[in-house]
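Please open the structure in a viewer and keep the selection panel at hand. The tour below proceeds from one selection to the next.

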Amino acid sequence: MREYRQYAITVAAFSVALYVAFIVAAFGVLSLLLNRDVINETDAGALLGPIMVTTAVLALVWVILSAVLRSPERLTQVPPLPIFIAGVAAYLGYCVSGGVVYSLGAGELFRSVIFIGGEMTSPFAIAVAVSGWLIAFLYFVVLLAKPSGSGTPEWPWEKNDEG
């Protein structure tokens, strides 16, 4: 079981890289198609976007890893609830963290509520959620694709041919 958990953590690390790539690509395409900035507030600052994406990534990883590491045995099917929760957590983490960080910079609580409301209806936040669902689904599919007891890969000369 220890090997399976290490494998799950390794696959989660690769999922993070893929998720960030999906978000960057989705933001770029949506920004070009819609002819608008990802964050419309001019006084938001340069770090607000990366903080929002980082929060979404951390929320996604926390949900998928907790679903795997809390289970007493290997997963036998793709669990739909953690996939749904992962996308929603990434979406909420993206929107709420943006509002909190924006209010810290602006100094007004009401402006953060307006910012969160605007982000929740933004196509960029929806792209964060949809990408989160896709990455969580692919994560569980990859975990299920590894047969139990398969061990680590070996070169042909490393294998025991005693038989």
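Throughout this tour, contact means heavy atoms within 4.5 Å. The model is a predicted one, in which local features need pLDDT of at least 70 and side-chain atom pairs count only at pLDDT 80 or more, while totals for chains, interfaces and linings use all residues. Residues are numbered from 1 along each chain as its sequence is written, and side-chain values use heavy atoms, with hydrogens and water left out.

**First stop: Ser15**

Select Ser15, which is found in helix 1. Helices here are DSSP runs (H or I, at least four residues; strands would be E, at least two), numbered from the N terminus. With a relative accessibility of 8%, Ser15 counts as buried; the term means under 20% relative accessible area, whereas exposed means over 50% and partly exposed lies in between (1.4 Å probe, protein chains only). Which residues is Ser15 in contact with, leaving aside its neighbours within four places in sequence? They are Ile135 and Tyr139.

**Second stop: helix 1 against helix 5**

Now display helix 1 and helix 5 together. Two packed helices are described by the angle between their axes and the distance between the axes. Axes are lines fitted to C-alpha atoms, for helices over the stretch in contact, and angles run from 0 to 180 degrees between N-to-C directions. Helix 1 and helix 5 pack with their axes 9 Å apart, at an angle of about 150 degrees. That makes helix 1 roughly antiparallel to helix 5; angles over 145 degrees are given this name, those under 35 count as roughly parallel, 65 to 115 as roughly perpendicular and the rest as oblique. Helix 1 passes helix 5 in a right-handed crossing, the term for a near helix turned clockwise from the far one by less than a right angle; anticlockwise would be left-handed. By class, the contact of helix 1 with helix 5 has 22 nonpolar, four polar and no charged residues. Ala, Val, Leu, Ile, Met, Phe, Trp, Tyr, Cys and Pro count as nonpolar, Asp, Glu, Lys and Arg as charged, and the others, Gly among them, as polar.

**Third stop: helix 1 against helix 2**

Keep helix 1 (residues 2-34) in view and add helix 2; their axes come within 10 Å and cross at roughly 150 degrees. Helix 1 and helix 2 are therefore roughly antiparallel to each other, and their crossing is right-handed. To see the contact, select residues including Tyr4, Arg5, Ala8 and Phe27 of helix 1 and Val53, Ala56, Leu60 and Leu69 of helix 2. The residues of this contact divide into 17 nonpolar, no polar and one charged.

**Fourth stop: helix 2 against helix 5**

Hide helix 1 and compare helix 2 (residues 48-69) with helix 5 (residues 123-145), whose axes come within 11 Å and cross at roughly 30 degrees. Helix 2 and helix 5 are therefore roughly parallel to each other, and helix 2 passes helix 5 in a right-handed crossing. Among the contact residues are Ala56, Leu60 and Ile64 of helix 2 and Val128, Gly132 and Tyr139 of helix 5. This contact divides into 12 nonpolar residues, one polar and no charged.

**Fifth stop: the aromatic residues**

The structure holds five aromatic pairs. Rings of Phe, Tyr and Trp (its six-membered ring) pair if their centres lie within 6.5 Å; planes under 30 degrees apart count as stacked, over 60 as edge-to-face and the rest as tilted. Select Phe27 and Phe124: their ring centres are 5.5 Å apart and their planes stand at 90 degrees, so the pair is edge-to-face. Phe27 lies in helix 1 and Phe124 in helix 5, so the pair ties together parts that are 97 residues apart in sequence. Phe27 is buried, with a relative accessible area of 11%, and Phe124 is buried at 0%. Add Tyr94 to the selection, since Phe27, Tyr94 and Phe124 form one aromatic cluster.

**Final stop: Leu32, Asn35 and Glu108**

Is Leu32, in helix 1, buried or exposed? Leu32 is exposed, with a relative accessible area of 73%. Asn35 is found in the loop between helix 1 and helix 2 and is exposed at 70%. Its phi is near 55 degrees, a positive value in a residue other than glycine. Most residues other than glycine have a negative phi. Finally, select Glu108 in the loop between helix 3 (80-106) and helix 4 (109-120); Glu108 is partly exposed, with a relative accessible area of 40%.
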